[in-house]
Amino acid sequence: MAVRLKTRSAVWAAVVLAIAGTTAGLSWWRASAQADVLRADPDAILRDPRLRSVALTNGKRVFDKHCAACHGPDGRGDITLGASDLTDSDTLYGTGSVAQIEEIARYGIRAGNKHGWNLAVMPAYASKVPDAAEALPPQSPAQIEDLTQYLLSFTGRTTDVSAMKRGITAYTKAGCWDCHGRDLGGDPAIGAPNLTDTVWLYGGRPEDIRRTLQRGRAGKSPAFARVLTAAELRNVAVYTASLAHPRQETK
């Protein structure tokens, strides 16, 4: 009986050691892979199966905790908050690269960090002073309607052709071109959106556009430089980029 007990004890000890060894091995592998994620070219991670797996697994945890409240658990955004849809190919700032997303996560947008994106603010044209930083002329309700009809024309939704034509002139006089460009194509270097497509940060219905022109927009994205570690910032950037490029694999 004593021999059997000793044998069983030895077996269980071997099992425990094996489990401990496996756990330690997995921990070492994960730590090693995470270190490699930090050392790698950010925009090459999604093409490396090993690095991709680690970054996406860890990045989703960070996204769910810190980003999903605004952008949604599926990353499709929320027009009531002006939180962008992260699953499409449209990017407001930069080109949507992992490196750029990581910088946005680190320093934020209009978050009070001097390294963040702080340039473009949508003026409130129904106010006496539309923009505190630049002398822009306020727009009357009629002029705002002209601008709205002009913007709707790019997606074939104009309901007043005369107003739309007046809106062409209003666009120039109001100074909209300074950020959005003469062709209304926007400028990702400052976060000015393209006004000719169907992607609207705060909604593209006529009433949404009117409200944006009237009251202005200045959405914010937090700066996580003091909240997240370097690894967490890299992981969440990779995960966010993957939402728009879910099938990007090794080439």
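The following paragraphs describe confidence, helix packing, cysteines and one proline in a predicted model.

The protein has an average pLDDT of 90, and 86% of its residues score at least 70. A stretch with weaker support is found at residues 14-18, where pLDDT remains under 50 and where the model shows zero contacts beyond four places in sequence.

Helix α2, spanning residues 49-66, packs against helix α9, spanning residues 230-244, at an angle of about 95°, and the two axes lie 7 Å apart. Because angles of 65 to 115 degrees are classed as roughly perpendicular, α2 and α9 are therefore described as roughly perpendicular to each other. On the α2 side, the contact is formed by Ala55, Leu56, Asn58, Gly59, Lys60, Val62 and Phe63, which meet Glu232, Asn235, Val236, Val238, Tyr239, Thr240, Ser242 and Leu243 of α9. By residue class, this contact of α2 with α9 comprises eight nonpolar, five polar and two charged residues.

Helix α9 is also involved with helix α4, since the elements that cover the buried residues of α4 include α9. Within α4, which runs over residues 98-107, the buried residues are Val98, Ile101, Glu102, Ile104, Ala105 and Arg106, so that the charged side chains of Glu102 and Arg106 are listed together with nonpolar ones. Just after α4, glycine 108 adopts a positive phi of about 80°.

With regard to covalent cross-links, a disulfide is a bond between the sulfur atoms of two cysteines. A search of the whole structure returned zero disulfides. Cysteine 70 takes part in no disulfide, its nearest cysteine sulfur being that of cysteine 67 at 8.8 Å, a separation to be set against the cut-off of 2.5 Å for such a pair. With a relative accessibility of 41%, cysteine 70 is counted as partly exposed. Cysteine 179 is likewise in no disulfide, and the nearest cysteine sulfur, belonging to cysteine 176, is 9.0 Å away. The relative accessibility of cysteine 179 is 27%, and cysteine 179 therefore counts as partly exposed.

Proline 206 is located in helix α8, which covers residues 206-215, and is partly exposed, with a relative accessible area of 26%. When neighbours within four places in sequence are left aside, proline 206 is in contact with Thr148, Leu152 and Arg157. Proline 206 and threonine 158, although 48 residues apart in sequence, are separated by 9.4 Å in space from C-alpha to C-alpha.

How values were computed. Residues are numbered from 1 along each chain as its sequence is written. Side-chain values use heavy atoms; hydrogens and water are left out. Axes are lines fitted to C-alpha atoms, for helices over the stretch in contact, and angles run from 0 to 180 degrees between N-to-C directions. Helices (H or I, at least four residues) and strands (E, at least two) are DSSP runs, numbered from the N terminus. Angles under 35 degrees count as roughly parallel, over 145 as roughly antiparallel, 65 to 115 as roughly perpendicular and the rest as oblique. Contact means heavy atoms within 4.5 Å. Buried means under 20% relative accessible area, exposed over 50%, partly exposed in between (1.4 Å probe, protein chains only). pLDDT is the predictor's confidence in each residue, from 0 to 100.
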